[in-house]
Amino acid sequence: MTPLRLIFAGSPAAAAPSLRRLLDSPHEVAAVVTRPDTPQGRKRVLTPTPVAQLAEEAGVPVVRAARLAPVADELIALEADLGVVVAYGGLIREPLLSAPRLGWINLHFSLLPAWRGAAPVQHALIAGDETTGASVFRLVEELDAGPLLATEATPVGRHSTAGELLTRLADSGAELLTRTVDGLADGTLAAVEQQGEPSFAPKLTLDDGRLDWTRPGAELVARLRGVTPEPGAWTTLDGDRFKVLAGALAHDVGPLAPGAVDLRAGQVVVGTADTPVELTEVQPAGKKGMRAADWWRGRQGATVLS
């Protein structure tokens with residue numbers, strides 16, 4: 001196998017395991033492209049992306065760009081064999097798209113063509129999928145539509161949140177991506193077109209996290225898992241936003257009106273269209289996260305979430 005000269009484009013923590021594996025491989029990472037530094041925390045300290053931090057620690061040149069068009073000439077001049085994308089957060093257009101000798105590949109956290117778009121893990125959980133996975137495909141101009149080079153299925157898990165599942169997929173996907181780069185280097189991989197009807201996973205908004213207690217309990221728990229940690233599940237209490245940090249279906253507690261909160265069999269439960277949901281961790285407005293049981297002990301009178 002002849003090692004390849006790579007450009008890596010990625011930004012969040014989910015992309016860092018892939019960059020780390022490629023840095024440890026025989027291949028050369030000639031440059032890393034990532035989003036610009038952003039203000040973080042209460043003091044709004046300007047902070048590099050996790051990918052930028054890793055690249056700088058490894059001594060790899062970092063190109064910070066919100067859009068790739070302004071830095072296209074700089075990247076083309078690197079004369080890379082292959083471009084690799086993992087959650088960069090921007091589109092790659094011509095002439096940069098066809099500049100590397102072997103084109104560009106993308107690691108995506110779904111079994112394509114399922115859940116094309118920015119939030120595949122979150123949408124898979126919200127939809128109640130039992131299986132998801134990772135795909136490596138050749139980048140084309142249409143969103144997440146290129147031919148597949150490799151896929152790997154992963155059980156979702158009964159209790160995983162989107163954050164937990166994404167961490168697992170980032171690790172297993174990094175291995176899948178590295179094997180794919182090796183296969184392209186030695187010429188043993190052939191791409192196949194995606195098969196089946198695509199589904200789409202646009203970026204979630206704050207409204208996607210709202211819990212509608214008139215819906216079935218299983219649907220609400222799926223949404224709670226899918227929007228945790230971002231954008232977060234919430235409802236309203238006494239006119240203020242009330243965050244639900246963790247919960248599960250309640251069992252053997254009897255029916256309860258949608259939105260009504262009660263203590264049943266030692267569980268703080270909320271009524272839904274059918275099976276109540278147990279609240280295990282919450283965050284009332286203006287307070288830190290806490291155990292639902294601790295919050296409930298401080299309540300007086302009837303409590304209704306809406």
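Trainee: To begin with helix 6, how many of its 10 residues are buried?
Mentor: Seven of the 10 residues of helix 6 are buried, so the rest of the structure largely encloses this helix. Please keep in mind that the model is predicted.

Trainee: Which residues of helix 6 are buried?
Mentor: They are Gly-217, Leu-220, Val-221, Ala-222, Leu-224, Arg-225 and Gly-226.

Trainee: And what do the buried residues of helix 6 pack against?
Mentor: Their partners are two helices, helix 4 (120-126) and helix 5, together with strand 10 (233-237), strand 11 and strand 14.

Trainee: Moving to empty space, how many cavities of 30 Å³ or more does the structure hold?
Mentor: It holds one such cavity. The space in the largest cavity is about 40 Å³.

Trainee: Which residues line the largest cavity?
Mentor: The lining consists of Leu-211, Trp-213, Leu-220, Leu-224, Val-244, Val-277 and Leu-279. Helix 6 and strand 14 (277-283) each contribute at least two residues to the lining of this cavity. Leu-220 and Leu-224, both in this lining, also appear among the buried residues of helix 6.

Trainee: What is the make-up of that cavity lining by class?
Mentor: The lining of the largest cavity has seven nonpolar residues, no polar residues and no charged residues.

Trainee: What about the second largest pocket: what is its volume?
Mentor: The volume of the second largest pocket is about 550 Å³. Its lining comprises 22 residues, and Arg-158, His-159, Val-221, Ala-222 and Arg-225 lie nearest the centre.

Trainee: Which elements supply at least two residues each to the lining of the second largest pocket?
Mentor: Helix 6 (217-226) and strand 11 (240-249) each do so. Helix 6 thus returns here, and Val-221, Ala-222 and Arg-225 are among its buried residues.

Trainee: And the classes in the lining of the second largest pocket, how many of each?
Mentor: There are 10 nonpolar, eight polar and four charged residues in that lining.

Trainee: Changing topic, which members of the largest nonpolar core touch the most other members?
Mentor: Phe-8, Val-84, Ile-105 and Phe-109 do, in a core of 36 residues. Helix 5 (residues 162-186) gives the most to this core, namely nine residues. There is also a second, separate core of 22 residues, which includes Val-244, Val-261, Trp-295 and Leu-305. Val-244 was named earlier in the lining of the largest cavity.

Trainee: Returning to Phe-8, what is it in contact with beyond its neighbours within four places in sequence?
Mentor: The contacts of Phe-8 include Ala-15, Ser-18, Leu-19, Leu-22, Val-84 and Val-86. Ser-18, Leu-19 and Leu-22 are among the buried residues of helix 1 (residues 16-23).

Trainee: What do the buried residues of helix 1 pack against?
Mentor: They pack against strand 1 (5-10), strand 2 (28-34), helix 2 (50-58), strand 6 (82-86), strand 7 (104-108) and helix 5.

Trainee: Is Thr-132 buried or exposed?
Mentor: Thr-132 has a relative accessible area of 3%, under the 20% limit, and is therefore buried. Thr-132 sits in strand 8 (residues 131-138). Outside its neighbours within four places in sequence, its contacts include Phe-109, Glu-152, Leu-165 and Leu-169.

Trainee: Finally, the whole chain: how many helices and strands does it have?
Mentor: The protein chain has seven helices and 15 strands. Of its 306 residues, 47% are buried. Among contacts with a separation of 6 or more, 62% join residues 24 or more positions apart. The accessible surface is about 14800 Å², and 51% of that belongs to carbon and sulfur atoms.

Methods: Residues numbered from 1 in each chain as written. Predicted model: local features only at pLDDT ≥ 70, side-chain atom pairs only at ≥ 80, totals over all residues. Heavy atoms only, no water. 1 Å grid on protein atoms, 1.4 Å probe; cavity = no way out; pocket = protein on both sides within 12 Å on 5 of 7 lines; lining within 4 Å. Points joined across faces, edges and corners; volume = space filled by probe spheres on them. Helix = DSSP H or I, 4+ residues; strand = E, 2+ residues; numbered from the N terminus. Nonpolar A, V, L, I, M, F, W, Y, C, P; charged D, E, K, R; others polar. Core = buried A, V, L, I, M, F, W, Y, C linked by side-chain atoms within 4.5 Å. Buried < 20%, exposed > 50% of the residue type's maximum accessible area, 1.4 Å probe, protein only. Contact = heavy atoms within 4.5 Å. Areas by Shrake-Rupley, 256 points an atom, 1.4 Å probe, with all protein chains shown as cover.
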